[in-house]
Amino acid sequence: MRNFILYSFISIVLLALSGCGLAGKFVQSPMLKNTHGKEDIFVEINDKSHTSDIIEIITYDNEIITASMDKSVRVWDSKTLKEKRKILGHIGIEHLGKVFAIAISPDGKYLAVGGYLELPSYVWDKDIEPFIFQIYDYQTGKLLHNLYAHVNPITDLKFSDDGKYLVSSSFDTTIRVWDVPNFKNIKSYGSTIGGGIHNIGIVKQANDNICFVDIGHQIRKYSLTNGLLKSKELPKKIAKILVFKKSKKIVVTFFGSSEVYVLNYDLELIKKFDTGMINSQLALNDNETRLAIGSGLKEHAVKIYDTTSFKQKSIFTKHRGYISAMTFVDNHTVVSSSNVDYEILLWNIKNNKILQRTQTQTKTHYDLMSKSPKTITWNDIKDKNKRKFEKEFDFENFKMQNIKSLQNFAMQAHRPPGTKRISNGKYKLGFSKHMTRLHLNTISGENVFIYQRDASTGYVHTTYGFYKNYLITGGRAGHLDILDLKGNFIATLMGHTGDMTSFTVIDGILVTSATDHMIKLWDLSKLTNHYQLLNPVATFVVAGDEWILWTEEGYFTASQNGADLIGFHVNSQKGIQEEAHWVSIDKLYDYFFRPDLVKLKLQGVDITKYTKGLTYVDVLKTPPPTVVTYPVISRDINKRKRTVRLKFKVIENDNGGVGVIRIYQEGKLVKTLGDAKINRRIANVDKKLEEERLNKLAKQRQAEYLALQKSVSKSVNGTLVSDDDLVGDVEIIAAQNKAGEYTVTLPLKAGKNTISIEAFNKTNTVASIRENIVVHAKIKKRRPKIYAIVVGVNKFEQDNVSQLKYSENDAKTMAREIKRATRLKTEVTLLRGKNVTKEKIYKAIAKIQKKAHLEDKIVFYISTHGKASRGQLYLVPHNNKKLKNWIKFEELFAKIQAIPALEQIFIIDACESGSASDIMASVYDAKASVLAKQSGVHLLMATTKGTFAFESADKNIHHGVFTNNILKALSSKSTDKNRDRTISIIELSKALQEPQYSVKQQFPVIRNVGEDTEIKRIRR
């Protein structure tokens, strides 16, 4: 059945992408979902069976192995049909991770797994194929190899009988031969015929392995070592081929057909017969005496044939849906699955007796109905003529009971077939034949708009209906939209992974269902006239009398055993390089079983003020340690040295380990224990999205600009240095501190000093709650001083790096501007030309560190080449021949941050300098601005992370574009917005993003954290 399902999948894509030729106003969702997100943890139903179509079933020894569209491979006992273990790989949203093919080596050592296993876009490489398949140790489930195999999803995998070869096929119409156990690609064979290869059959002949495959209407015969031997055109598109190894025959079925062809190994037709049903799956017993053929549509049957006469011997009709996969366990026993409840049946072909059965506890809810207050009921039967509503659930009181009457319940959603034209009295809906297009017309027939779904928006319309002045429509793969009746998209609802089936609205709450067996709740009071993405406020799963209801943050309430219904598919921190694992909700029970918070969430209350922002994702990835501080006593304060000795204790929790420890003073990072990268998610997501938009726009405009101008950019020639060259000797290793007591000595300023301590877990992904200590220092107040390091370089040792014109003049002018900007005493270190080396810059930083105090200000300015690589920014010194001499901004930032001064300003006029924004965000999260009461860290970057910073093309301006704009803004009284006769860093930051200081091909990136600070006094 794999081929039937996959062909249907591709057919839907093609239908969705085909033109309609229909006149009218077409609308398109603003949201195009990305299947390559970096999500690490997925909440999934913990069922006793698969929760989506089973695509393939194979056997080994006394075990049955199944592969499913639910993105899992499961191993079952072949006698009891009890699940023994799961084999889980790296998955993503939508289709990423769906398994289409599995194969086991003859010795049972290797399990090959393929399907929609695509490399995430953020790790794509143009020199490798984006679709992989994986090799696991079958017994342990450990991932051994990722094989970069094809440009489209993998459709089939087969080991040769001698175990020496593995063959993979794909929708890209190629097969590839891999040696075992090295798993190196040794041969590749392809075709220009479209439609993909769906099946592989391998047999041993003489000293060669022969492979049979299908491509469209053709069946082909290959030698694994010598290539194509023969091909034969058949009258229809091939659905399935099955190779008889003893009698040297090949059975072929066709899509949408009841015909069966029997060929010999020379591809000659020796027999054909008709099953009287649409054929899908094929299976052959070990002694090749019985052939099983499963139906693909309404017959729900498996027919058994004698392999000599090909006459029917028996028929099995106890499945409730089409046959999605099957195989023989032994000569007289078949294991087969169907799409209804994804049941697996183990049965005897002699008497059709079912020996074992497994199916999902949870169900797909095909219809939802609701009544006030906040009560719903559901139907789990797909046939609309057999609907059955048995239970109802009260979301106010968290109570489920048998339904007594459908009175007062209302149904608002519709689904095909049979309801293709619906109306709300003023408007009516119509659909194209294949449900890809929805068109809204007035009652009089005037078209208002057409919404055509495609591969990026769910392919087809699966449920739809009116609610007040809105149209709600769902598609496949969790796509769900709300539009107004003019065709404006109001919201895209993000959360479901299965095909949408129904919805209802109750007291302002939208309740939705899908084939992922989940019911989700959405707060419609959040809808505005502006388009937005909505996440569900809660998710509900029910199985019999058990249920669980949880919020998007992971807080839940449940029936007595309801918590057993869900768990977590946790991707490895190493991504696709390591197998995933399963975590039950027991790990979270103590912290997250909170019916009170669930109730508040359903009432529309923001519960983050009660949870401190803690979510299940934070905890699952490895819990953070706990920090305990000790009181500061008088003898801990040294007034002469203006320091305090601070003691604290770090306690490890649940093997989460202890990573980097950070100490903040007035919200500014002043000390770090442990040298490692903090894997914190970027704060201020709205700013990051804007930066990405500007980055894309700048790339487009710069391409046009460079075609017309001969302006110099501060970029690094891409052929000069590769990403691998840059990061080869700067591998990040997670810090491994130890639990226990710590003592640190910190500087003090006069008056109140607020010191905060946080400790990360061993993976440096989750920080503890910051513990605060307040120290009152009765010491003399200091007058602030400005320390500046100003750097510019025009010429470089490496000749094929473009020489710059104005960087040294930029530095000279900026140094002069800093010296005269304020009345504060200022000390400037100016490094130009050959003096611009990492060694001299770091020496200047160390010199300042010895004499600077908390009250002082630091300014760092640099104008040079820049190179962004794998999340890092590298600044190019004069002595650039050796990559070890390049300046890694993350390292430079940390050294300057170690200077006690609480106010620090960084200005970077270099290409791709916007990548420094992410580095700063890893230190200062969204809470930093709140915590930074008397400190400020400000980062001004010339351009976005993937674009050039230019020197001026105007011959009268001898500066870089960004530096020139800074100088212009500092010389303009209009920059002083509050008219206090001073220009602050935030006023300058805002001015640089105004039209008069921007150019269309270069967008600056600004990050301001904490307190504002004066940078120039305006003279009369």
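In what order do the four strands of the open sheet with antiparallel pairing run? The views below, taken from a predicted model, start there.

**View 1. The open sheet follows the order β27-β28-β29-β30.** Its four strands pair in antiparallel fashion. At the edges sit β27, covering 323-330, and β30, covering 354-358, and each of these pairs on one side only. Take neighbouring strands of this sheet and ignore direction: on average they're turned by 15 degrees against each other.

**View 2. Zooming in on β29 and β30, we find an antiparallel pair joined by four bridges.** Strand β29 spans residues 344-348. To pick out one bridge, look for I344, whose partner in β30 is T358.

**View 3. E392 is a buried acidic side chain with no salt bridge.** You'll find E392 in strand β33, which takes in residues 389-394. The nearest side chain of opposite charge belongs to K371, 4.1 Å away. That misses out because a salt bridge has to fall within 4 Å. What E392 does have is a polar contact, side chain to side chain, with Q401 at 2.7 Å.

**View 4. Here's the company E392 keeps, setting aside neighbours within four places in sequence.** Its contacts include K371, T375, I376, T377 and W378. Also on the list are K399, M400, Q401, I403 and F409.

**View 5. Stepping back, the whole chain holds 14 helices and 69 strands.** Of its 1020 residues, 59% are buried. Among contacts in the chain with a separation of 6 or more, 59% link residues 24 or more positions apart.

Terms used: Residues numbered from 1 in each chain as written. Predicted model: local features only at pLDDT ≥ 70, side-chain atom pairs only at ≥ 80, totals over all residues. Heavy atoms only, no water. Pairing = 2+ DSSP bridges. Helix = DSSP H or I, 4+ residues; strand = E, 2+ residues; numbered from the N terminus. Axes fitted to C-alpha atoms, helices over the stretch in contact; angles between N-to-C directions. Buried < 20%, exposed > 50% of the residue type's maximum accessible area, 1.4 Å probe, protein only. Lys, Arg positive; Asp, Glu negative; His and termini not counted. Polar contact = N/O pair within 3.5 Å; in protein donor to acceptor, adjacent residues only side chain to side chain. Contact = heavy atoms within 4.5 Å.
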